[in-house]
Amino acid sequence: MDASSRGSASAAHPRRFLRDGLGFFGTFLKSPLSVGAVLPSSRYLARALVGRLELQPGELVVEYGPGTGPMTAVIRERLPKGARYLGIELEPRFHQLLVRRYPTLDFHLGSAEDVAAILAARGLPRPQRIVSGLPFASLAEPAQQAVVSGIVGCLRGTPGDFRTFQYLHAYGWKTARRFRAMMAERFDGFERVGPIVRNVPPAFVLRYWGAK
Ligand SMILES: C[S@@+](CC[C@H](N)C(=O)[O-])C[C@H]1O[C@@H](n2cnc3c(N)ncnc32)[C@H](O)[C@@H]1O
């Protein structure tokens, strides 16, 4: 994974950064648990999380919880020709913004818990990569379990992997540990990168592969 990220969205697009920050914070105030953060991720974290996609034409990357799209921007830059992308976002306001901002990519308004049904309805193959911005530490146990089962259903028996992040300050929370324990039971491979200290707040990147 690329942990040595350079450049920042704030420097490149200061007005967009401010607009996204304010919009994101407003959505957080309405749905604090499902949004799970007060600011969008930085480009430093996005680059470390997305890493190298290494997809063949026709292969799929799915992004969970793209929000205002910081990870989406990096995925779009790194998406090999002919590879496919689907973002699954729960918040209608973020979904609308994503559809407008990334017209060449596909977005589904709904829950990552329903990934199998969403892929089937769209005639999409099982993904090789799942990149997640979901706030697992603030999700209730049944929601964590449903999302983890969906990820395993997608990746079992494939060389594919799952990538997510957890904030440094929340890493020891019971809910964060419960999520990692669930993942450890269902995956053979795990690596942790970071913390990415130039993100606010700093966060670890977690990667899982070898779904059982
Ligand atoms: C911590 S924010 C991350 C947003 C963005 N990826 C980033 O890094 O700035 C969590 C995102 O997950 C979305 N979300 C929460 N639960 C979800 C679910 N079950 N399915 C899809 N998206 C979900 C929220 O609406 C929000 O956009």
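For sorting residues by character, Ala, Val, Leu, Ile, Met, Phe, Trp, Tyr, Cys and Pro count as nonpolar, Asp, Glu, Lys and Arg as charged, and the others, Gly among them, as polar. The exercises below concern a predicted model.

**Exercise 1. The shell around the ligand**

Describe the residues that surround the ligand, by position and by character.

*Solution.* Begin with the count: 23 residues surround the ligand, and the closest of them are Pro40, Ser41, Gly65, Gly67 and Gly133. Next, assign the shell to secondary structure: the elements that give two or more residues to it are helix H3 (32–35), helix H5 (70–78) and strand S2 (84–89). Finally, sort the shell by the classes defined at the start, which gives 13 nonpolar residues, seven polar and three charged.

**Exercise 2. The largest nonpolar core**

Determine which residues have the most contacts inside the largest nonpolar core, and which element gives the core its largest share.

*Solution.* The largest nonpolar core has 43 residues, and within it Leu45 and Leu49 have the most contacts. Turning to the elements, helix H4 (residues 43–50) supplies the largest share of this core, namely six residues. To follow Leu45 outward, set aside residues up to four places away in sequence; what Leu45 then touches is Phe165, Ile196, Asn199 and Ala203. As background, nonpolar side chains in soluble globular proteins tend to be buried together.

**Exercise 3. Two cis peptide bonds**

Locate the cis peptide bonds that lead into proline 195 and proline 201, and place each proline in the fold.

*Solution.* Take first the bond joining glycine 194 and proline 195, which is cis with omega about 15 degrees; proline 195 is found in strand S6 (residues 187–196). Then take the bond from valine 200 to proline 201, which is also cis, with omega near -5 degrees; proline 201 belongs to the loop between S6 and strand S7 (203–211).

**Exercise 4. Backbone and surroundings of glutamate 54**

Establish where glutamate 54 lies, and whether it counts as buried, partly exposed or exposed.

*Solution.* Glutamate 54 is not a glycine, yet its phi is positive, at about 45 degrees. The residue lies in the loop between H4 and strand S1 (60–64). Burial requires 20 or more other C-beta atoms within 10 Å, whereas 12 or fewer make a residue exposed. Because glutamate 54 has 13 C-beta neighbours inside 10 Å, it counts as partly exposed.

**Exercise 5. The chain as a whole**

Summarise the secondary structure, burial and contacts of the chain.

*Solution.* The chain holds nine helices and seven strands, and buried residues make up 42% of its 212 residues. Among contacts with a separation of 6 or more, 73% are between residues 24 or more positions apart.

Notes. Residues are numbered from 1 along each chain as its sequence is written. This is a predicted model: local features need pLDDT of at least 70, side-chain atom pairs count only at pLDDT 80 or more; totals for chains, interfaces and linings use all residues. A residue is near a molecule or strand if its C-beta atom, placed from the backbone, lies within 6 Å of it. Helices (H or I, at least four residues) and strands (E, at least two) are DSSP runs, numbered from the N terminus. A nonpolar core is a set of buried Ala, Val, Leu, Ile, Met, Phe, Trp, Tyr and Cys residues joined through C-beta atoms within 7 Å. Two residues are in contact if their C-beta atoms, placed from the backbone, lie within 7 Å.
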